[in-house]
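Student: I have a new structure open, and I would like a close look at a single part of it. Could you pick one spot inside the protein, explain the terms as you need them, and then lead me outwards from there?

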Amino acid sequence: MKRLLALTTAIAIALPFTPAAADSPDSPGSQGAGDPYFPLQGNGGYDARHYDLTLDYDPGTRVLKGTATISARSTQALSRFNLDLSKTLTVASVTVDGTAARFTHEGDELAVSPASAIAAGKPFTVAVAYAGKPTHIVDPDGSKEGWIRTPDGVFNANEPEGAKSWYPGNHHLTDKAGYRFTVTVPSDRVAVANGSLVSQNTAMGRTTYVWVAKEPMASYLTTVSIGDFTLTDTTVGGLRTIVAVDPEHAAAAKNLAQRHGPVLAYFSGLFGPYPFSTTGAIVDNAPGVGYALESQTRPIYPKVPDEVLLSHELAHQWFGDAVTPERWKDIWLNEGFATYAEWMWADKRGATPLSTAFSRAYARTADDRFWQIPPADPGNAKQLFKDAVYVRGAMTLHVLRKEVGDKAFFTILRTWVAHHKYGNASTADFVALSKKISGKPLDALFDAWLVKPGKPAL
């Protein structure tokens, strides 16, 4: 469902500009990536390869100053291309390959016209200097996302559109990239991001943190969270585990890093090796947020997670983070898989048998709204995170497991991750893989559980 935003008058800066040669046709990249649920999310004409984000934030004034340097490659000839960026931020300058470029900023679309047209298949670098007081975005379902201010900083969770609230980019989930975050904050605050902390330096009352996320990442999985955190950096189960905790939750979170080890070991045995070089968590004091998010390598929580929530967000590191859907309608590939993993972990530790979790879900009466939302296409952006996507998605996997047997089922899951790691895949891809590995005609099963409204028969 398209989000309608008020457009303001375009603001352009006067810069030296050399238009494309007369014999070169106008070839702008598209304003969106073509996702039916978010038509203007992402952009066409180029592939972002790496983001170098240099950010300076003052929680007192709430002013963010940033420079985003994006390394990309054109996928067509480009006379103009777009970046997604909220209008709450003011762009001071844009360069392409070091040369000043013209730009306009209408709504949440930053349109950039390079001094010379970019040929198809060419690498280029765009640098955007900007500043302002970023604020959160309200999702179609009414929840907050993006740059969510807290009393001591920022709770930063970006699914599905929040990334544009604090940096420019190609923000559709199909354009994954590597990241480097250089974040300067007052020295009584800590800035936490994805990946590995590679340096931390303090001067004149301000501290600069540098984080590097080397594995490709969709922008909705990025985070730069800022607060009065206690930061611990340890090794658990052979894996670097970085945890940031708000003082309000210090007592309850004292063994949080160690709790990661058994869950990740169990899931690695089921799904294949953990797909990233670090893990960890951000636990903020944000009671009004109401949800956690599987930010890559560093899920963010508004309170200390219990075993259910911890296992759910860690399972997402395989399903959603390493393998990301091609379109938002395929979100069950994230949420259904993470919910089923959560069920399996509860069964493993003796809390709730897997059969009981399934039976409780199936006990809903046939007239329950739950059965009217097909997980493979919940219908619109407002319904992306409905219970049916999570639970009916998990039920689909349980029924598939019963149909094909454990050996084939876990071969399917491990192959899914191995074949699509750091990329994107669709529901159709999962159905095809399941049929290929099991050797069974599974169309009727998937049709009943994923596609058709109504309660399937057992």
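Tutor: Happy to! Let's begin with a term: residues are in contact when heavy atoms of theirs lie within 4.5 Å. Keep in mind as well that this is a predicted model. The mean pLDDT of the protein chain is 94, and 95% of its residues reach 70 or more. Residues 1-24 are another matter, as pLDDT stays under 50 there; for this stretch the model has 51 contacts beyond four places in sequence.

Now find M395. If we set aside its neighbours within four places in sequence, M395 is in contact with W343, F358, A361, Y362, F370, W371 and W449. M395 also belongs to the largest nonpolar core, a set of 139 residues. Together with F81, F181, F267, W343 and F430, M395 is among the residues with the most contacts inside that core. Notice that W343 turns up twice: as a contact of M395 and as one of those core residues.

From the core, F81 gives us a path to a sheet. The strand β3 covers residues 81-84, and β3 belongs to an open, antiparallel sheet of three strands, in the order β3-β7-β6. At the edges are β3 and β6 (102-106), each of which pairs on one side only. Ignoring direction, neighbouring strands of this sheet are turned by 25° against each other on average. Between β3 and β7 (residues 109-113) there are four bridges, and N82 has A111 of β7 standing opposite. On the other side, β7 is joined to β6 by five bridges, with E106 and E109 as bridge partners. These two strands, β6 and β7, make a hairpin with two residues between them, and G107 in that turn has a positive phi of about 60°. The strand β6 also has two faces: F103 and H105 are on the covered one, while R102, T104 and E106 are on the uncovered one.

Further along the chain there is another strand worth a look, β10 (residues 144-150). Five of its seven residues are buried, so β10 is largely enclosed by the rest of the structure. It pairs with β9 (residues 136-138) in the antiparallel sense over three bridges, where I137 stands opposite E145. The hairpin of β9 and β10 has five residues between the strands, and G142 there takes a positive phi near 95°. Then β10 pairs with β11 (residues 153-157), again antiparallel, over five bridges. In that pairing W147 stands opposite N156, and the hairpin of β10 and β11 has two residues between its strands.

After β11 comes a loop that leads to β12 (177-186), and P160 is found in it. The peptide bond from E159 to P160 is cis, with omega near 0°. Why point this out? Most peptide bonds are trans, and most residues other than glycine have a negative phi. That second habit has exceptions here too. One is D97, with a phi near 55°, in the loop between β4 (89-96) and β5 (99-100). Another is Y422, with a positive phi of about 70°, in the loop between α6 (406-420) and β22 (423-425). Y422 is partly exposed, at a relative accessible area of 27%.

Let's finish with charged side chains. Side chains of opposite charge can pair when their charged atoms come close. This model has 13 salt bridges. In one of them, D233 meets R240 at 2.5 Å, N to O. Both partners are partly exposed, D233 at 42% relative accessibility and R240 at 28%. In another, D443 and K435 meet at 3.0 Å; here D443 has 44% relative accessibility and K435 has 28%, which makes each of them partly exposed. Then there is D447 with K452, where the closest N and O atoms are 3.4 Å apart. D447 is partly exposed at 26%, and K452 is partly exposed at 46%. Finally, D108, E161 and K164 are joined into one network by salt bridges that share partners.

Terms used: Residues are numbered from 1 along each chain as its sequence is written. This is a predicted model: local features need pLDDT of at least 70, side-chain atom pairs count only at pLDDT 80 or more; totals for chains, interfaces and linings use all residues. Side-chain values use heavy atoms; hydrogens and water are left out. A nonpolar core is a set of buried Ala, Val, Leu, Ile, Met, Phe, Trp, Tyr and Cys residues joined through side-chain atoms within 4.5 Å. Buried means under 20% relative accessible area, exposed over 50%, partly exposed in between (1.4 Å probe, protein chains only). pLDDT is the predictor's confidence in each residue, from 0 to 100. Two strands pair if DSSP finds at least two bridges between them. Axes are lines fitted to C-alpha atoms, for helices over the stretch in contact, and angles run from 0 to 180 degrees between N-to-C directions. A salt bridge is a side-chain nitrogen of Lys or Arg within 4 Å of a carboxyl oxygen of Asp or Glu.
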